[in-house]
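Me: I'm new to this structure and would love a close look at one part of it. Could you pick out the place where two helices pack together and walk me through what surrounds it?

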Amino acid sequence: MQSHLALLLPVAAVWWTAGFLADGLPRLSQARELRQHTGRLLALTLTGLGLTVALPIAGLVTVGPTLADRAADGLALAAVPALLVAGCTVRRLRRLWAGAGTLAVASNTPAPHGLRAAAAHPLIGLPLQVTGLALLPAVIAASGAGQFLGPSATGPAITIAALAVASIGVRHALRHNRFAERAMPERVSSPRPAAGALHV
């Protein structure tokens, strides 16, 4: 086991936990629960972003190749989804936390479908889960398990990762649409004129 795994594992664990919490947000039916879980998820997301930025900075301030440098190299694949988290997910989580807070006065206040649709938005769960998924190759390589796979496993691994990202995205989109449809007001049908009514 290579020692820079000890630096990668806490970062990966934070992102994996955040992705797991994000997946469960839309299932919460009470506004107070939704606010509490959103607050925890927001704290975890900011922690993950902080750790992801801290490792490359630690590598820059040290002279010569260090463990931080090797760990920072493993974060390169996760940089793009992490930027999406910083640009979109954090803002949506803050709005969701504030929205749930306005309804969380009583403990049994139900979370409306519109709020749960916002919790199920793909730009909340998808970037967090893709960031955690992008850290898997670095963790596998740092653990030494990558040497048993060989270079021939690169192509299938990329295909599996692409399919996983696509399936996660489709799942989030379908769930968001389901809640959004429930949140829409029902259309009131216009009354039909009575039979035999005179038209002026």
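**A close look at one helix pair**

Reply: Happy to! Of the chain's 200 residues, 34% count as buried. Please keep in mind that this is a predicted model. The chain has 9 helices and 0 strands, so from the N terminus on the order of elements reads α-α-α-α-α-α-α-α-α. Among contacts in the chain with a separation of 6 or more, 84% join residues 24 or more positions apart.

Now to the pair itself. Helix 4 covers residues 79-103 and helix 6 covers residues 122-134. Their axes come within 9 Å and cross at roughly 145°, and the crossing is left-handed. On the side of helix 4, the contact is made by Pro81, Ala82, Leu84, Val85, Cys88, Thr89, Arg92, Leu93 and Leu96. Helix 6 answers with Leu123, Ile124, Pro127, Leu128, Val130 and Thr131. Sorted by class, the contact has 12 nonpolar, 2 polar and 1 charged residues.

Leu96 is a good residue to follow from here. Leaving aside its neighbours within four places in sequence, Leu96 is in contact with Leu25, Leu34, Thr38, Leu115, Ala118, Ala119 and Ile124. Ile124 is one of the helix 6 residues in the contact with helix 4.

Leu96 also leads us to the largest nonpolar core, which has 33 residues. The members that touch the most others are Trp15, Leu25, Leu34, Leu41, Leu96, Leu128 and Leu135. Two of these names, Leu96 and Leu128, also appear in the contact between helix 4 and helix 6. Two or more residues of the core come from each of helix 1 (5-24), helix 2 (31-61), helix 4, helix 5 (113-119), helix 6 and helix 7 (136-143). Helix 1 gives the largest share, 7 residues. In soluble globular proteins, nonpolar side chains tend to be buried together.

Let's finish with helix 7, another contributor to that core. Here Ala138, Val139 and Ala142 are buried. These three lie on the same side of helix 7 because they cover an arc of only 100° around the axis. The buried residues of helix 7 pack against helix 1 and helix 3 (67-74). After helix 7 comes Gly144, with a positive phi near 90°.

Terms used: Residues are numbered from 1 along each chain as its sequence is written. This is a predicted model: local features need pLDDT of at least 70, side-chain atom pairs count only at pLDDT 80 or more; totals for chains, interfaces and linings use all residues. Side-chain values use heavy atoms; hydrogens and water are left out. Axes are lines fitted to C-alpha atoms, for helices over the stretch in contact, and angles run from 0 to 180 degrees between N-to-C directions. Helices (H or I, at least four residues) and strands (E, at least two) are DSSP runs, numbered from the N terminus. A crossing is left-handed if the near helix is turned anticlockwise from the far one by less than a right angle, and right-handed if clockwise. Contact means heavy atoms within 4.5 Å. Ala, Val, Leu, Ile, Met, Phe, Trp, Tyr, Cys and Pro count as nonpolar, Asp, Glu, Lys and Arg as charged, and the others, Gly among them, as polar. A nonpolar core is a set of buried Ala, Val, Leu, Ile, Met, Phe, Trp, Tyr and Cys residues joined through side-chain atoms within 4.5 Å. Buried means under 20% relative accessible area, exposed over 50%, partly exposed in between (1.4 Å probe, protein chains only). The arc is that of the directions from the helix axis to the C-beta atoms.
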